[in-house]
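Reader: I am new to this structure and should be grateful for a close look at a single part of it. Please then set that part among its surroundings.

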Amino acid sequence: MSYLQQSFYIYSNGELKQKDNTIRFLTEDGEKKDIPIERVSELYIMSEMRLNTNFLNFISRYGITVHFFNYYSFYTGSFYPKETLLAGNLLVKQVEHYTDTEKRLSLAKRFIDAAADNIYRNLRYYNGRGKDLSGKMNEIETIKKEIIKSKTVAELMGYEGNIRKTYYSGWNIIIDQDIEFKKRVKNPPDNMINTLISFVNMLIYTRVLSEIYHTQLDPTISYLHEPGVRRFSLSLDLAEIFKPLIGDRLIFSLLNKKQITEKSFTKDLNYLHLTKEASAVICKELDNRLHTTIKHKELGKNVSYQYLIRLEAYKIIKHLLGEKEYEGFKMWW
């Protein structure tokens, strides 16, 4: 992604269309807005929007993914343009690492090991700021030792579930607002924290998908999550690593700075629905975070959090081709 490109979130109802070399839509004020196509990395449609095949053909030529969310801010699907970076030998290797039980389990362990490490770092960060999370940290350290011993992906997922259960049980300590959060509930979320987690996780998932598109990886062949119909399961694998690093830290910040409160949700719908204003705040803060740079230890230069996702995909490619063993990204701060 060029530094001039960015993600665009569209909340107004109306129609998306091509106008010369721009994307045109109506703003909430009824004004026409044109975005030069060269500035767009991906589109997020957060409202009812009409578009036609001419528009899809137009954005396909520029490799732009489009992600759709419904009224409740639930992710409903993505438009994934025809892949241009095809590599038959890599596809063969991807499939081989899935069908070979040992190779698949090895990759799956590395995803969970990195995710667990990043979860632990989050707890350590807040524990160092006066919130007593030492007990949760010790529990996770104990469970984490079992990851390497896993004999199957199902067993590995069980350990991953226990780590997250322990992790989520510490959120009431991390979050300064008086919000009761007992456990993770997904379909549908049952309170404002679960709604917030689901929304942010889907934003991470779709951002990972957009980054995978710009590599030679097939997003439907995965190792931790079972490949299935109508889902880009490799995005789910990689998202496990970046949810604690990017998503969870964003949630803690939004809640502790009171940028998101009970007023950000529709109470009559059991806090299932984020207001448009709250959704826009979350997306803006996420983009700010993704464009933040850190000094990369191996590359020796500053890279954005978003580019870390692309680098993770490249690392998987090297692993699949036998060039370098894959190790999942772990925070060091």
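How exposed is K103, and what is its relative accessible area?

Author: K103 is partly exposed, because its relative accessible area is 30%. In this scale, buried means under 20% relative accessible area, exposed means over 50%, and partly exposed lies in between, with a 1.4 Å probe and protein chains only. The model is a predicted one, in which local features need pLDDT of at least 70 and side-chain atom pairs count only at pLDDT 80 or more, while totals for chains, interfaces and linings use all residues. Residues are numbered from 1 along each chain as its sequence is written, and side-chain values use heavy atoms, with hydrogens and water left out.

The partner of K103 deserves attention next. K103 forms a salt bridge with E96, the closest N and O atoms being 2.5 Å apart; the term denotes a side-chain nitrogen of Lys or Arg within 4 Å of a carboxyl oxygen of Asp or Glu. Side chains of opposite charge can pair when their charged atoms come close. E96 also meets the side chain of K93 in a salt bridge, at 3.9 Å from N to O. Both E96 and K93 belong to helix α2 (residues 88–99), where 3 residues, about one turn of the helix, separate them. Helices (H or I, at least four residues) and strands (E, at least two) are DSSP runs numbered from the N terminus. E96 counts as partly exposed because its relative accessibility is 27%, and K93, at 30%, is likewise partly exposed.

These pairs are part of a wider set, for the structure holds 21 salt bridges. E146 and K149 provide a further example, their side chains meeting at 3.5 Å, N to O. E146 is partly exposed at 25% relative accessibility, and K149 is partly exposed at 47%. Elsewhere, D113, D117, R121, K144 and K330 are joined into one network by salt bridges that share partners.

The interior may be considered next. The largest nonpolar core has 87 residues, and W171 and I282 have the most contacts inside it. Such a core is a set of buried Ala, Val, Leu, Ile, Met, Phe, Trp, Tyr and Cys residues joined through side-chain atoms within 4.5 Å. Among the elements giving two or more residues to this core are α3 (101–127), α4 (134–144), α5 (153–168) and α7 (192–213). The largest share, 13 residues, comes from α7. Apart from this core lies another, of 17 residues, among them I10, F55, L56 and I59. W171 touches F181, I193, I197, D248, I251 and F252, not counting residues up to four places away in sequence; contact here means heavy atoms within 4.5 Å.

A buried residue of another kind is H67, in strand β8 (residues 65–69). H67 is classed as buried because its relative accessible area is 0%. The side chain of H67 makes a polar contact with that of T65, at 3.5 Å. A polar contact is a pair of N or O atoms within 3.5 Å, where within protein one must be able to donate a hydrogen and the other to accept it, and residues adjacent in sequence count only if both atoms are side-chain atoms. Beyond residues up to four places away in sequence, H67 touches Y44, I45, Y75 and T206, among others.

The surface offers a contrast. Y71 lies in the loop between β8 and β9 (75–79) and is exposed, with a relative accessible area of 56%. K33, in strand β5 (residues 32–36), is partly exposed at 38%. Leaving aside neighbours within four places in sequence, K33 is in contact with I23, R24, F25 and T27. The C-alpha atoms of K33 and E312 are separated by 35 Å, and the two residues are 279 residues apart along the chain.

Two loop residues close the account. D20, in the loop between β3 (17–19) and β4 (22–26), has a phi near 55°, a positive value in a residue other than glycine. D20 is exposed, its relative accessible area being 62%. K258, in the loop between α8 (233–256) and α9 (276–290), has a positive phi of about 60° although it is not a glycine. K258 is partly exposed, with a relative accessible area of 47%.
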